[in-house]
Amino acid sequence: MTTSASGAATEPEASLAAPARRDAEATKAAIIRAARYLLARHAHADITLKAVAERAGVSAPLILKYFGNKDALFARVMSFEADVEGLLDAPLAALGHHMVHHLLTGQAEHGADPILRIVFAPLHREQGDTLRTNFRTQVVHRLSERLEGPDAGVRAELAVGTLLGLGVMYGIARGPHLRGTPVAEITELYAPTVQAFLTPP
């Protein structure tokens with residue numbers, strides 16, 4: 001603590017930086033969410049920084065300040081690195097249950113899930129190839145490296161494909177029976193199907 005010229009005690013300047021950092025991180029997260037939302041509904045070439053800014057509730061110059069340009073922003077959005085850690089954060093024996101619950105919770109509570117944007121790759125022409133490559137290397141390959149036994153690559157693709165099917169029905173088709181069922185109940189019903197690819201008998 002320091003003392004001002006008037007003799008009043010003041011907090012160190014460093015302590016004032018923390019809220020600003022938190023605000024900056026929250027703003028960056030809002031921008032990325034907005035870009036993801038638009039990327040799931042429009043071709044990459046048709047999305048403007050103005051549209052992202054309006055969706056995020058910020059100014060376009062602020063996006064440039066944080067990300068540099070549109071390409072840099074969408075390079076972040078098309079990467080799965082930040083999502084896969086949470087998706088695969090469980091022991092192998094319980095991973096199917098965790099993956100299903102993680103996907104459904106993201107949809108139910110945040111309107112998004114960690115991997116579903118891969119289904120929109122055909123919208124994005126050459127950027128779609130980037131999305132596919134990132135998905136294969138950052139999600140499917142990383143999962144396959146954790147699997148034991150034969151055919152790990154095929155089993156990883158089947159497990160992720162099964163998970164995507166649930167995500168499409170829950171988050172895109174929005175099946176009314178599925179949406180009306182508690183997440184915990186769906187997880188118990190669906191997780192064994194995913195787990196069967198991860199740890200086959």
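**Figure 1. Helix α10 and its kink.** In this predicted model, helix α10 runs over residues 183-198, and its 16 residues reach 21 Å from the first C-alpha to the last, close to the 22 Å expected at 1.5 Å a residue. The helix has a kink of about 40° at Y190, a position that lies shortly before the proline P192. Its buried residues are V183, I186, T187, A191, V194, Q195 and L198, and they pack against four other helices, namely α6 (95-110), α7 (125-146), α8 (152-172) and α9 (176-179).

**Figure 2. The buried face and the start of helix α4.** Helix α4 comprises residues 70-77, and its buried residues are K70, L73, F74 and V77. Seen down the axis of α4, these buried residues fall within an arc of 90°, so they line one face of the helix. The general geometry is that an α-helix has 3.6 residues a turn, so residues three or four places apart point the same way. At the start of α4, a side-chain oxygen of N69 reaches to within 3.1 Å of the backbone nitrogen of D71.

**Figure 3. L147 and S144, two buried residues with shared contacts in α8.** L147 has its place in the loop between α7 and α8, and it counts as buried because its relative accessibility is 8%, under the cut-off of 20%. Leaving aside neighbours within four places in sequence, L147 is in contact with L92, A152, R155, A156, F197 and L198. Of these partners, F197 is 50 residues from L147 in sequence, while the two C-alpha atoms are 9.2 Å apart in space; L198 is also one of the buried residues of α10. S144, by contrast, is found in helix α7, and with a relative accessibility of 13% S144 likewise counts as buried. The side chain of S144 reaches the backbone oxygen of H141 at 2.7 Å. With neighbours within four places in sequence again left aside, S144 is in contact with A152, G153 and A156, and A152 and A156 are also among the contacts of L147.

**Figure 4. Salt bridges within single helices.** The structure holds 6 salt bridges, and this view takes up two of them, K28 with E25 and R132 with D129. The side chains of K28 and E25 meet at 3.7 Å, N to O; because they are 3 residues apart in helix α1 (residues 13-39), the two are separated by about one helical turn. K28 is partly exposed, with a relative accessible area of 25%, and E25 also counts as partly exposed, at 49% relative accessibility. In the second pair, the side chains of R132 and D129 meet at 3.0 Å, N to O, and both residues lie in helix α7, 3 residues apart, which is about one turn of the helix. R132 counts as partly exposed at 29% relative accessibility, and D129 is partly exposed as well, with a relative accessible area of 46%.

**Figure 5. Salt bridges between R142 and E81, and among R36, D83 and R117.** R142 forms a salt bridge with E81, and the closest N and O atoms of the pair are 2.9 Å apart. The pair links distant parts of the chain, since R142 belongs to helix α7 and E81 to helix α5 (residues 81-87), 61 residues apart. R142 is partly exposed, with a relative accessible area of 24%, and E81 counts as partly exposed at 36% relative accessibility. In addition, R36, D83 and R117 are linked in a network of salt bridges.

**Figure 6. Positive phi angles at D151 and R174.** As general background, most residues other than glycine have a negative phi. D151, however, has a phi near 60°, a positive value in a residue other than glycine. D151 is found in the loop between α7 and α8, the loop that also holds L147. Is D151 buried or exposed? With a relative accessible area of 57%, D151 is exposed, whereas L147 counts as buried at 8% relative accessibility. R174 also has a positive phi, of about 55°, although it is not a glycine. The place of R174 is in the loop between α8 and α9, and at 47% relative accessibility R174 counts as partly exposed.

Definitions and conventions: Residues numbered from 1 in each chain as written. Predicted model: local features only at pLDDT ≥ 70, side-chain atom pairs only at ≥ 80, totals over all residues. Heavy atoms only, no water. Expected span 1.5 Å × (residues − 1). Bend = angle between axes of the 7 residues up to and from the residue. Buried < 20%, exposed > 50% of the residue type's maximum accessible area, 1.4 Å probe, protein only. Contact = heavy atoms within 4.5 Å. Arc of directions from axis to C-beta. Polar contact = N/O pair within 3.5 Å; in protein donor to acceptor, adjacent residues only side chain to side chain. Salt bridge = Lys/Arg side-chain N within 4 Å of Asp/Glu carboxyl O.
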